[in-house]
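Please open the model in your viewer and keep the sequence panel beside it. The tour below moves from the whole chain to single residues, with something to select at each stop.

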Amino acid sequence: MKIKIAILLLLICVVPSQLSAQYEINGTITAKDDSPLVGVNITIKGTYDGTITDINGAFSLMTDEEHPTLLISYIGYKPEEIAVNKNSGNLALVLKESITSLNAVTITAGTFSAGDKKRATVLEPLDIYTTAGSLGDINGALKTLPGTQAASDDGRLLVRGGEAAETKVHVDGLLAAKPYYSKVPDLPTRGRFAPSLFSGTVFSTGGYSAEYGQALSSILILESNDIAVEEVTGLSFMSVGAEASKTWCSPGKSSSAGVSYTNLAPYYGVANNRLEWLKPSEAVNLNFMHRQKSDNGSLFKLFSTFDYGIQEFNTPVGENISNIDTEGGSAYINMTYSTPLSTDISLKTGLASTIDNNRQIAGDHRTLDREVNIEGRLSIDHHLSDAIRLNYGISDAFTTYNQEYNHLNAPEQYDIQVNDHIAGVFIEPEIRLSAELAIRPGLRYEYSSYLEESSLSPRLSAAYKTGKNSHFTAAWGHFFQNPVNEYMKYTSRLEFEKAIHYLLGYQTGTLKKRLFRAEAYYKDYKQLISYDNYSNNRYINLANTGKGYARGIDVFFRDKETFRYTDYWLSYSYIDTERHYKNYPNAVTPSYIAEHTFSAVGKYFIGSINTQIGATWLMASGRPYHKEGDEKFMNRTAPLYNDLSLNLSYLTYIGDHFTIIHFSFSNVLGRDHLVGYRNIPSPDDDTGYIQMPIMPDIKQFLFLGIFISINS
């Protein structure tokens, strides 16, 4: 009883004194635009006492601390410590947005990316398969983006006035020296890499990072898949071949292997074809990938692909027939390793090798090309502070190119070899001056042992945020690359080709709803390859005196919100470009350029029948071409390019296995797609030449595929 009385007396004496010492702290918390911040955490330092703001940004809490310090935190904003007392009154606090927040501005000048959450995703990896007319080719889908040319006779990427060789392809940051199958003049080729092997795509149409060199116009970065989470067997049966793949998984690692076989003989047997196929295109491809992650976050990736293919056909050349016979194979092996060195520093290193052999017989001319390219890279990503991130590193590339030529009915022959070593070093900080403004200055140095030339490439990109989902971007930089082997094999007394990029753009919206972006650019070309003429297997007066320019505007709009179950995007490009290079007598628009290009891609999902239908409409103004005998060079224009392609994907099950039945129909309108003429020497014509039309070998292409996924 005495104990109970003592406790009661203690409570009577102590509690009132404690209550009398408590006081209330209250206030409001807003952003700098005076909008209330809801759910801000407010706690008293050294205690568990705290509260959060309401819908008006207001808060209140009680304390008995004489001089408490408030700890204020909110995602996307800088944390604050505020010292208060009982006389502080009603607080009015304004939080500053963190420059590393998710809403902070990102630099996207010249870049369309997919799979990179820090950027505005424009195309997702799945889009490559579901875009009508792309036929499952990465480059086919990218040609629906602005800045590219609708070249039905090429298949490679032609970006903002640049030739195909001016765009380089990288896998996980390492060069893929031969990203396309062997190119036959006037016929389109395809990319070697299947879209299913990649989780992301970054397509830079200009002004790209100082981390990358040896590309005059643009780069395409393919990000290979990470560790798989389930074991799957894939089977595909197509009208042009078959594929099989298998994925194995275990904790912290996965491996996958695949094989595909393509044979166009059955299709060419039923389709109208302007070529006489003796050996229709036939190819086999193997790929193997391995991923392994360590407990400390280190990741090892092995990516490899191998292919071999043949084709032979006769093509009419005036009243004569020319035979084209090609055979070749390629191997690409890519290994990367990334690891954190500390909480603020990470390292990435890698090694890639390309081996390519291609034999071609064109009439009486036989060439055998062999190329080996080995590149190593090491880069360090260092977060110096919340505002500064520094990326720097080195690269080393060795290339051996050998060409053997012989005339089948004459003693003429030669054997030429080019050995080059290109060393590079770069440094590129990204500086966030505020949540609205970021800049990325960069500097890259390269040296070519074959040309005995060095280059210094300053670059700068910036972005300024104008709203929650909108910003302006700008970029400038110098870009260099070696001339292609076709010219370097004759002499080492050449220089780097050069381009200076200027970009200014605006972007608003999000991919989840609507996204709009527009970009204007100007490119100044210098030191391009030039020569007087080609005679006796030699370029006469081969030098770097060529020059040119390209300027234009690209517009892109994608909408997933306006129409239910519908996703569509629109692209438009305008380009004004001229080059005085090669053996051009004066500055003109090159034959691979269309001044205006428009594309519309639409997809609609019909849930009641589990079917997605899609359409791609691609239009381009006629390309210039030259006819021998004309007084003015490149004085003629090809017809308007107009292509409509459709596809349909039906989702179903075969047994317990998820299955997609896919059908596509290219060039539904049956257009000829004449893009120009090639001048072929002929003694039978008054001008000494005849014109061969440049157009696809077949007007239309129908594809049917059944893709089955078998979960283990």
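Begin with the whole chain selected: of the 712 residues of the protein chain, 48% count as buried. What you are looking at is a predicted model, and every value on this tour is computed from it. With the cartoon display on, the secondary structure of the protein chain comes to 5 helices and 40 strands, and if you turn the view along the principal axes, the C-alpha trace spans about 125 × 60 × 45 Å.

Now switch on the surface, whose accessible area for the protein chain comes to about 33,900 Å², with 57% of it belonging to carbon and sulfur atoms. Colouring by charge brings out 62 positive and 77 negative side chains, and the centres of these two sets lie 4 Å apart. A look at contacts completes the overview: among those between residues at least 6 apart in sequence, 59% join residues at least 24 apart.

**First stop: an open sheet**

Select residues 23–30, which make up strand β1, and then add β4 (58–63) and β7 (90–94), the two edge strands, each of which pairs on one side only. Together these 3 strands form an open sheet in the order β4-β1-β7, with mixed pairing, and neighbouring strands in this sheet are turned by 25° against each other on average, direction ignored. Within the sheet, β1 and β7 pair in the parallel sense over 5 bridges, and one position to label is Thr30, which stands opposite Val94 in β7.

**Second stop: the partners of β40**

Move on to strand β40, residues 701–711, which runs antiparallel to strand β13 (residues 232–238) and is joined to β13 by 7 bridges. Label Gly234 to find its bridge partner in β40, which is Ser709. Next add strand β37 (residues 657–666), which is joined to β40 by 9 bridges and also runs antiparallel to it; here the residue to label is Phe665, whose bridge partner in β40 is Leu702.

**Third stop: two residues in strands**

Select Thr247, found in strand β14 (residues 241–250). Is Thr247 buried or exposed? Thr247 is buried, because its relative accessible area of 17% falls under the 20% cut-off. If you show its surroundings, leaving aside residues up to four places away in sequence, Thr247 touches Ala228, Glu230, Glu231, Val232, Ser255 and Ser256.

For a contrasting setting, go to Ala362 in strand β19 (residues 345–362), which counts as partly exposed at 25% relative accessibility. With residues up to four places away in sequence again set aside, Ala362 touches Asn323 and Ile324. You can also draw a distance from Ala362 to Glu404, since these residues are 42 apart in sequence and 14 Å apart in space, C-alpha to C-alpha.

**Last stop: two loop residues with positive phi**

Select Gln214, whose place is in the loop between β11 (198–204) and β12 (218–224). Although Gln214 is not a glycine, it has a positive phi of about 55°, and at 14% relative accessibility it counts as buried.

Finish at Met634, which is found in the loop between β34 (624–625) and β35 (636–637). Met634 has a positive phi of about 55° although it is not a glycine, and with a relative accessible area of 15%, Met634 is buried.

How values were computed: Residues numbered from 1 in each chain as written. Predicted model: local features only at pLDDT ≥ 70, side-chain atom pairs only at ≥ 80, totals over all residues. Heavy atoms only, no water. Helix = DSSP H or I, 4+ residues; strand = E, 2+ residues; numbered from the N terminus. Buried < 20%, exposed > 50% of the residue type's maximum accessible area, 1.4 Å probe, protein only. Contact = heavy atoms within 4.5 Å. Areas by Shrake-Rupley, 256 points an atom, 1.4 Å probe, with all protein chains shown as cover. Lys, Arg positive; Asp, Glu negative; His and termini not counted. Charge placed at Lys NZ, Arg CZ, Asp CG, Glu CD. Pairing = 2+ DSSP bridges. Axes fitted to C-alpha atoms, helices over the stretch in contact; angles between N-to-C directions.
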